[in-house]
Amino acid sequence: MAAIYPDLAGKTVVVTGGAGGIGEAITRAFVAQGARVGFLDLDAARGERLQEELGEAALFVRCDVTDIPALKAAVDEVRARLGPIGVLINNAAHDERHETLEVTEDYWDGRMAVNLKHQFFASQAVLPDMMAAQKGSIVNLGSCSWIIGQGGMAAYTASKSAVLGLTRSLARDFGGHGVRVNAVAPGWIMTERQLELWVTPETEKEIYANQCIKRPLVPDDVARVVVFLSSDDASAITNQHYVVDGGWN
């Protein structure tokens, strides 16, 4: 059973990319805490199914987070319907593999937009609420891919490494307003997407050869850390980078 943090009950939380994979686990975890969760996602079918399952505890807003005016409008909708935002989880990302010699300028800009740019502008959109309350938590999802020097996805690893710099800048700039900003770097998490596209018997051997913990890592492993960092139990933790990879690094 996951820990319960009473201070999260009734708090308004925004989760980007919250309808599937790690994001879905994070959305569910905050609902289980009694929070009011607005989750944004481009996948309307998945979002509506999750909304129907979770009921009034959650609010699905279809949103392309790379469209910054639409992202800001989605945050405004969550605020209008659920109240001032106390927690932001910047989770939306795209980890498509790509060959460096085939990357175009548009492709590069697209990866930066979904993996990094949206995290800045979503944070910008919620910071006034947190500053007014003199309290808040932002958690940015990074990746272990750049730490281990993974190849075949240079635009992804570049954008995800930059998440740490963004996190530390925001933590420094807004700590005086009671806002905490941390990053979480998942390892190889067994989401539906990973299992369908990239996990093979060969890659499973690689995973277990590198992890200290010899079991599959699942989305809930990440969600529990994210929820903890958002709670008052982590009130002294900011400007940090938490790695959830089973000991790979």
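Which residue in strand 6 is the bridge partner of Ser-137? It is Arg-180. This pair is a good place to enter the structure, which is a predicted model.

Start with the sheet. Strands of a sheet pair through backbone hydrogen bonds, either parallel or antiparallel. Here 7 strands form an open sheet, and the pairing is parallel. The order across the sheet is 3-2-1-4-5-6-7. Strand 3 (58-62) and strand 7 (241-244) stand at the edges. Each has a single partner strand, so one side of each is left without a neighbour in the sheet. From one strand to the next, the twist averages 20°.

Now follow strand 6, residues 179-186. Strand 5 joins it through 6 bridges, and the two run parallel. Strand 7 also pairs with strand 6 in the parallel sense, over 4 bridges. One contact of this kind links Pro-186 to its bridge partner Val-244 in strand 7.

Strand 6 is mostly covered, with 8 of its 8 residues buried. In a regular strand the side chains alternate between the two faces of the sheet. In strand 6, Val-179, Val-181, Ala-183 and Ala-185 point one way. Arg-180, Asn-182, Val-184 and Pro-186 point the other way. Helix 5 lies across strand 5, strand 6 and strand 7. Helix 5 runs at about 165° to strand 6.

The loop between strand 5 (136-141) and helix 5 (154-174) holds Ile-148. Ile-148 is partly exposed, at a relative accessible area of 34%. Together with Trp-146, Ile-147 and Val-243, Ile-148 forms a nonpolar patch on the surface. The four share about 280 Å² of accessible area.

Charged pairs come next. The model has 10 salt bridges. One joins Asp-232 and Lys-135, at 3.0 Å from N to O. Asp-232 lies in the loop between helix 8 (219-230) and strand 7, and Lys-135 in the loop between helix 4 (105-133) and strand 5, so the pair ties together parts that are 97 residues apart in sequence. Asp-232 is partly exposed at 32% relative accessibility, and Lys-135 is partly exposed at 40%. Elsewhere, salt bridges that share partners join Glu-24, Arg-28, Arg-46 and Glu-53 into one network.

Within that network, Arg-28 and Glu-24 have their closest N and O atoms 2.9 Å apart. Both sit in helix 1 (residues 21-32), 4 residues apart, which means about one helical turn between them. Glu-24 is buried at 18%, while Arg-28 is partly exposed at 30%.

Terms used. Residues are numbered from 1 along each chain as its sequence is written. This is a predicted model: local features need pLDDT of at least 70, side-chain atom pairs count only at pLDDT 80 or more; totals for chains, interfaces and linings use all residues. Side-chain values use heavy atoms; hydrogens and water are left out. Patches are made of residues with over 30% relative accessible area and no salt bridge: like charges are joined within 9 Å, nonpolar side chains (Val, Leu, Ile, Met, Phe, Trp, Tyr) within 5 Å. Accessible areas come from the Shrake-Rupley method with a 1.4 Å probe; for residues, only the protein chains shown count as cover. A salt bridge is a side-chain nitrogen of Lys or Arg within 4 Å of a carboxyl oxygen of Asp or Glu. Buried means under 20% relative accessible area, exposed over 50%, partly exposed in between (1.4 Å probe, protein chains only). Two strands pair if DSSP finds at least two bridges between them. Axes are lines fitted to C-alpha atoms, for helices over the stretch in contact, and angles run from 0 to 180 degrees between N-to-C directions. Contact means heavy atoms within 4.5 Å.
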